[in-house]
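Me: I'd like to go through the labels on this model one by one and see what earns each of them. Can you take my questions as they come?

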Amino acid sequence: MLATTVMLVTAAPVDAQAVPIPAGARLRVSAPAWSRRAVVGTFDTLGPDTLVLTADGAGTRLQIPRAAITRLQRSEGRNRHRGAVRGALIGLGASVVGGFLCLAVCPTDPEDGANLAPVGGLFLGLFVGAPVGGLLGGTVWAPERWRPIPLAAPAGR
């Protein structure tokens, strides 16, 4: 499989550094004059005046004028560890809070006056809430990491 790479060159004439963008890379493009929201999609090509990418979701091929681009970022994938930890803590916390809320509405044992709802909430949190939250956090809710790509002046400027 042949992979193509396009280079963006910084505007500095002497210390020009090239930043490669591999074909198929996931990009987030901010171009407020062109679109109010940042556009996320798969990189296709970069011409002298236009960046072409396929937008996520709709699959529409977009041609964004380079002069309109104010920020360009490349995805480095999802931070699954951070998402899993966050999800596990949310699941554990929700289960424990649910147990303590049940303390207010669940009847107490008439013999010893004990209410085991908080213990049940902690048990559910440790063995159900945290694992389910961690799984969801690591797969569904994991935040995407974005790295900025230096913008270059279009050719001929």
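Reply: Sure, here is a short round of questions and answers on burial, salt bridges and a surface patch. Keep in mind that this is a predicted model.

Me: Why is S30 called buried?

Reply: Its relative accessibility is 12%, and buried means under 20%, so the label fits. S30 sits in strand 3, residues 26–30, and touches A38, A68, I69, T70 and R71, leaving out residues up to four places away in sequence.

Me: And V39, buried or exposed?

Reply: Buried, because its 11% relative accessibility falls under the 20% cut-off. V39 belongs to strand 4, residues 39–46. Beyond its neighbours within four places in sequence, V39 is in contact with L27, R28, V29, W34, L53 and L62.

Me: Which residues have the most contacts inside the largest nonpolar core?

Reply: L27, V29, L51 and L72, in a core of 17 residues. Strand 3, strand 4, strand 5 (50–55) and strand 6 (61–65) each give two or more residues to this core.

Me: What makes D56 and R26 a salt bridge?

Reply: The closest N and O atoms are 2.1 Å apart, and the limit is 4 Å, so the pair qualifies. D56 is in the loop between strand 5 and strand 6 while R26 is in strand 3, so the bridge ties together parts 30 residues apart in sequence.

Me: How do you know that R61 and D44 count too?

Reply: Their N to O distance is 3.8 Å, which is still within 4 Å, so they count. This pair links strand 6, where R61 lies, to strand 4, where D44 lies, 17 residues apart.

Me: Why is R61 called exposed but D44 partly exposed?

Reply: R61 has a relative accessible area of 53%, and exposed means over 50%. D44 comes to 23%, so it falls in between the 20% and 50% cut-offs.

Me: What about E76 and R147?

Reply: They meet at 2.5 Å, N to O, within the 4 Å limit. E76 is in strand 7 (residues 71–78) and R147 in strand 8 (residues 144–148), so this bridge ties together parts 71 residues apart in sequence. The structure holds 3 salt bridges.

Me: What makes L124 eligible for the nonpolar patch on the surface?

Reply: L124 has a relative accessible area of 46%, and patch residues need over 30%, so it passes. L124 lies in helix 2, residues 117–139. Other members include F123, F127 and V132, and the patch has about 840 Å² of accessible area together.

Notes: Residues numbered from 1 in each chain as written. Predicted model: local features only at pLDDT ≥ 70, side-chain atom pairs only at ≥ 80, totals over all residues. Heavy atoms only, no water. Patch = residues over 30% accessible without salt bridge, like charges linked within 9 Å, V, L, I, M, F, W, Y side chains within 5 Å. Areas by Shrake-Rupley, 256 points an atom, 1.4 Å probe, with all protein chains shown as cover. Salt bridge = Lys/Arg side-chain N within 4 Å of Asp/Glu carboxyl O. Helix = DSSP H or I, 4+ residues; strand = E, 2+ residues; numbered from the N terminus. Buried < 20%, exposed > 50% of the residue type's maximum accessible area, 1.4 Å probe, protein only. Contact = heavy atoms within 4.5 Å. Core = buried A, V, L, I, M, F, W, Y, C linked by side-chain atoms within 4.5 Å.
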